[in-house]
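The exercises below ask you to read burial, contacts and strand pairing from a model, and each task is followed by a solution in steps.

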2 protein chains.
Amino acid sequence: MRTFPLLLLCLIVSFTVVAQPQVEQWGMFEVTLQGSDAGNPFIEVPLTAEFVHDDTTYTPDGFYDGDGTYKVRFMPDREGNWTYTTHSKRADLDGKTGSFTCTAPSPNNHGPVQVRNQFHFGYADATPFYPFGTTIYEWAFTSPERQQQTIQTLQGSPFNKARFLAVPPYKGYYLEGPLKITEFPFEGTSKADWDFSRFNPAYFQALEERVAELRDIGVQADLILFRPYDGGKWGFDQMDMATNQRFLRYVIARLGAYRNIWWSLANENSFIRHLTDEDWDVLFQTVQQHDPYQHLRSIHNAGRLYDYTKPWVTHVSLQYYNAVKVFGVSPLLRDIYQKPIVHDEINYEGNIERRWGQLSGEEMTYRFWVAYIGGAYATHGEAIEGGWLSLGGELTGESPSRIAFLKEIVEAGPPEGLEPLDHYYLTNVAGKYAQYYLFYFGKEQQKTWDFILTDEDLAPGMKFKVDVIDTWNRTITPVDRVFEVEELDNYRFVDKHRAKVKLPNRPYMALRIQRIDEATQPSGKDTQRDEADEL
Amino acid sequence: MRTFPLLLLCLIVSFTVVAQPQVEQWGMFEVTLQGSDAGNPFIEVPLTAEFVHDDTTYTPDGFYDGDGTYKVRFMPDREGNWTYTTHSKRADLDGKTGSFTCTAPSPNNHGPVQVRNQFHFGYADATPFYPFGTTIYEWAFTSPERQQQTIQTLQGSPFNKARFLAVPPYKGYYLEGPLKITEFPFEGTSKADWDFSRFNPAYFQALEERVAELRDIGVQADLILFRPYDGGKWGFDQMDMATNQRFLRYVIARLGAYRNIWWSLANENSFIRHLTDEDWDVLFQTVQQHDPYQHLRSIHNAGRLYDYTKPWVTHVSLQYYNAVKVFGVSPLLRDIYQKPIVHDEINYEGNIERRWGQLSGEEMTYRFWVAYIGGAYATHGEAIEGGWLSLGGELTGESPSRIAFLKEIVEAGPPEGLEPLDHYYLTNVAGKYAQYYLFYFGKEQQKTWDFILTDEDLAPGMKFKVDVIDTWNRTITPVDRVFEVEELDNYRFVDKHRAKVKLPNRPYMALRIQRIDEATQPSGKDTQRDEADEL
């Protein structure tokens with residue numbers, strides 16, 4: 001049972017409809033053809049279709065969906081009339097033509113997410129997207145009831161990106177009992193009889209339903225393509241490169257037209273021992289070459305870090321817990337990689353014996369704040385007994401409501417995204433010079449804060465209002481005074497009455513400082529000042 | 001007046017000596033030829049010499065030293081008989097042959113420094129080298145008295161690497177007064193009449209004396225080849241790439257045979273606005289191609305970070321203050337770059353108005369400890385009025401004696417160099433599993449420390465001794481008990497009597513824990529444990 005069958009029907013329109021079909025922008029148009037299933041149609045019948053709109057052409061790959069059915073899926077990115085022509089070396093699939101009308105996107109459809117402002121993300125329609133991820137590795141393989149519960153939980157949560165596996169890990173509960181898996185990515189039922197040259201359409205159809213369910217509630221599907229969690233028992237972590245590349249092409253042909261797809265090449269990639277970084281280069285390039293829409297691409301590391309500066313990596317997807325334990329690391333990572341930083345694994349709120357699943361709600365919330373105050377993003381995980389981590393279900397931790405609170409603050413902040421300010425010297429402030437400052441004090445307890453700002457873009461007389469934020473108790477308390485700045489020294493401005501802000505001497509406090517006199521012009525001080533600093 | 005004229009004479013032996021000349025290993029042999037000075041002998045008379053020892057051949061470039069004198073310098077790396085033959089398109093310099101005997105190195109000569117154990121450094125004779133740098137940008141351009149004082153100060157200091165400029169910055173005091181500069185790298189006396197195609201041998205002869213003086217007291221010369229400190233007034237920061245490359249080749253021909261040379265391509269490279277990262281690639285490759293000895297190569301950044309993963313970079317030379325303000329960043333940088341990390345600018349101990357020169361002695365010492373406990377290295381600077389930073393002279397800060405104390409501890413530690421331990425979870429301990437642990441508590445004040453170690457390589461019954469170290473007051477206090485470990489949980493070992501170590505509730509404390517029963521065998525627990533952790 002799915003939540004949104006009606007909406008799904010609206011989005012997936014078959015070409016067999018007689019009237020000119022309609023598909024909304026960034027929806028999915030599907031060409032379905034019947035043909036012979038002779039030979040191995042998964043790899044022997046290359047099928048593509050050329051979709052044309054004025055001077056725009058896309059040529060997505062098609063795929064074999066079993067039972068003599070071939071499909072080509074397409075995500076149109078412009079309104080208006082599109083025509084298509086299929087191409088295949090097989091005559092019964094070649095030269096099929098048709099057209100459809102691409103209509104305006106529905107209200108909650110902003111298109112696929114892309115990199116925006118170098119270090120941030122936005123939808124194709126320019127709406128900012130601030131990732132607040134969570135981790136549900138195995139939710140696509142669990143019971144329909146739990147999947148349904150997961151969707152409901154996500155709807156009531158702050159999370160707008162979910163990391164999950166395209167291929168199940170090898171676990172005892174998948175071998176027998178209520179969760180026994182009967183459908184696998186490849187034809188066959190066990191390692192003894194996999195046919196790595198033939199895919200299992202039923203398996204992928206179910207996976208697609210999960211991606212569509214996330215799409216329909218506005219959650220990005222950060223789909224993990226390869227994973228090491230097999231120990232060779234199924235062997236999905238030991239496939240050769242030719243198989244890996246065929247797998248990628250099949251997944252892309254099926255899922256690339258879903259606007260909420262992000263490609264995560266792997267979880268803990270270096271634990272897949274037989275693949276070198278050069279192999280990962282090839283796999284990245286395979287995705288880059290075959291995804292017509294250039295969905296976001298990254299890879300999640302174990303010990304060995306992939307070189308995220310490589311051009312086919314769109315953003316950094318990092319597992320490095322220490323990078324969010326202390327202030328100042330995300331700005332360094334931004335400077336190193338020059339791309340958005342997503343801390344996609346920062347340990348889990350939880351109570352399990354494994355030490356990666358022992359964070360308190362406070363610590364998880366703290367790590368989120370440290371990430372965002374550094375101009376980066378983070379992904380949550382919960383490992384409370386019976387929990388969310390692997391299978392989804394219900395969230396019972398204390399951090400999600402605090403992460404929701406952070407998300408509200410971030411969404412109400414500068415639309416460009418939070419930028420670290422004066423970041424070679426300061427580590428706990430982000431925002432936009434002379435407009436918006438978000439300070440976070442983490443575990444430090446303070447009774448007062450001197451109203452001092454780095455001089456960048458400031459001019460005497462500018463006025464600001466201040467909110468005192470308790471990030472754990474979720475309160476925002478306006479300070480009942482206006483702060484007006486004057487120059488203090490070579491680097492700083494200060495309130496002209498030397499006013500201080502009172503703080504409650506508790507940890508996890510933040511300050512939001514916002515300009516209230518837009519008329520005053522900046523002084524023109526700029527970031528090149530340090531050029532002359534050195535000698 | 002120089003301190004070691006005798007030693008210098010021993011090392012620089014001219015080929016005009018009649019008996020078979022002798023040069024110690026990693027000393028400098030010099031071929032001197034007289035020839036015509038017609039045309040532009042700096043760039044029109046390419047001269048090389050082939051030095052051969054059995055199956056080993058080096059072909060260093062020669063250079064024109066003015067007054068009709070041409071030289072080829074060579075640093076032999078093997079004892080025994082070497083022969084040479086010069087090559088030049090000019091007949092009077094071509095085909096000159098000779099030989100010399102390379103003798104054993106003198107006691108304090110360990111050869112050039114190279115990368116050792118991936119993240120560390122060592123001399124060519126395998127002696128570990130632990131960099132403890134300092135910064136004397138302009139010492140080569142100041143008075144002979146101050147230069148002499150600088151050498152004496154360095155001899156009494158912990159510093160074994162000095163960063164300084166090959167070309168002076170543009171400063172008022174170099175234009176007139178006692179420090180007025182009369183010799184420049186190029187022929188001419190001002191921007192109006194530089195001849196960038198002709199070098200000034202007298203300038204380089206003086207620079208070489210400085211490098212030799214450092215060599216003779218065991219200090220590495222981290223020579224900064226380009227710098228932005230000119231504002232175009234002399235124009236040495238605006239030279240075109242052809243001039244830059246000629247400059248590099250000339251410097252390498254002159255200085256490459258000094259065993260203590262490190263090449264620092266630039267200070268604050270991105271402030272040299274007209275050079276792109278691709279230009280820096282070319283400059284790095286120029287050095288790589290023409291330095292026969294492959295001395296260490298790096299570059300020091302301003303805002304834009306050069307990609308230190310590039311193959312011609314031997315180590316990371318970073319200016320990123322925040323990376324040593326908090327624990328855990330150096331291990332991340334090691335994982336990113338897979339090379340030694342040297343924090344070559346971490347702000348300066350000082351009292352000047354510029355905020356980069358305002359560290360207390362405690363803070364400078366703290367940042368050094370944070371660097372070394374992270375498996376990295378650091379470089380000191382002092383900016384106390386009248387001070388050391390630019391011109392050298394006397395050190396008056398409080399940190400050098402504490403840095404000397406740290407150096408003694410590091411030198412007495414594992415010869416492989418300090419490695420971060422359990423570094424995905426812990427951030428304040430380095431050493432070698434089951435042998436040596438150095439914990440540093442930084443600004444935290446503690447009364448006790450539970451004797452708990454990560455289980456890696458440990459086995460029940462292993463015994464350890466503990467020293468309590470006060471890094472600021474320079475005391476090492478042995479704890480009067482033996483600690484014997486047993487397993488605590490899935491990750492940790494603990495003293496079997498649950499003994500704690502008493503600490504004095506002061507900041508800047510450290511603990512050194514050393515194994516005292518070498519016979520007990522490790523358990524075989526290994527670093528791959530986390531592989532199975534994830535799901």
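A residue counts as buried when its relative accessible area is under 20%, and as exposed when that area is over 50%. The model used here is predicted.

**Exercise 1.** Decide whether A:Ser88 is buried or exposed, and describe its surroundings.

Solution. Begin with the location: A:Ser88 belongs to strand β8 of chain A. Its relative accessible area is 12%, and because buried means under 20%, A:Ser88 is classed as buried. Leaving aside residues up to four places away in sequence, A:Ser88 touches A:Val45, A:Pro46, A:Leu47, A:Leu93 and A:Asp94. As for polar contacts, the side chain of A:Ser88 reaches the backbone oxygen of A:Pro46 at 3.5 Å.

**Exercise 2.** Carry out the classification for A:Ala91, buried or exposed, and state where A:Ala91 is placed.

Solution. A:Ala91 lies in the loop that runs between β8 (80–88) and β9 (97–103) of chain A. With a relative accessible area of 68%, A:Ala91 is exposed, since the cut-off for that class is over 50%. For a distance across the chain, take A:Val370, which is 279 residues from A:Ala91 in sequence, with 58 Å between the two C-alpha atoms.

**Exercise 3.** Establish which strands of chain B pair with β32(B).

Solution. Strand β32 (residues 483–487) pairs with strand β30 (residues 463–470) in the antiparallel sense, over 2 bridges, and B:Phe464 has B:Phe483 as its bridge partner. Next, 3 bridges join β32(B) to strand β33 (residues 492–495), again in an antiparallel arrangement, with B:Val485 standing opposite B:Asp495. Finally, the connection between β32(B) and β33(B) is a hairpin through 4 residues.

Terms used:
Residues are numbered from 1 along each chain as its sequence is written. Chains are lettered from A and ligands numbered from 1 in the order in which they are written. This is a predicted model: local features need pLDDT of at least 70, side-chain atom pairs count only at pLDDT 80 or more; totals for chains, interfaces and linings use all residues. Side-chain values use heavy atoms; hydrogens and water are left out. Two strands pair if DSSP finds at least two bridges between them. Buried means under 20% relative accessible area, exposed over 50%, partly exposed in between (1.4 Å probe, protein chains only). A polar contact is a pair of N or O atoms within 3.5 Å; within protein, one must be able to donate a hydrogen and the other to accept it, and residues adjacent in sequence count only if both atoms are side-chain atoms. Contact means heavy atoms within 4.5 Å.
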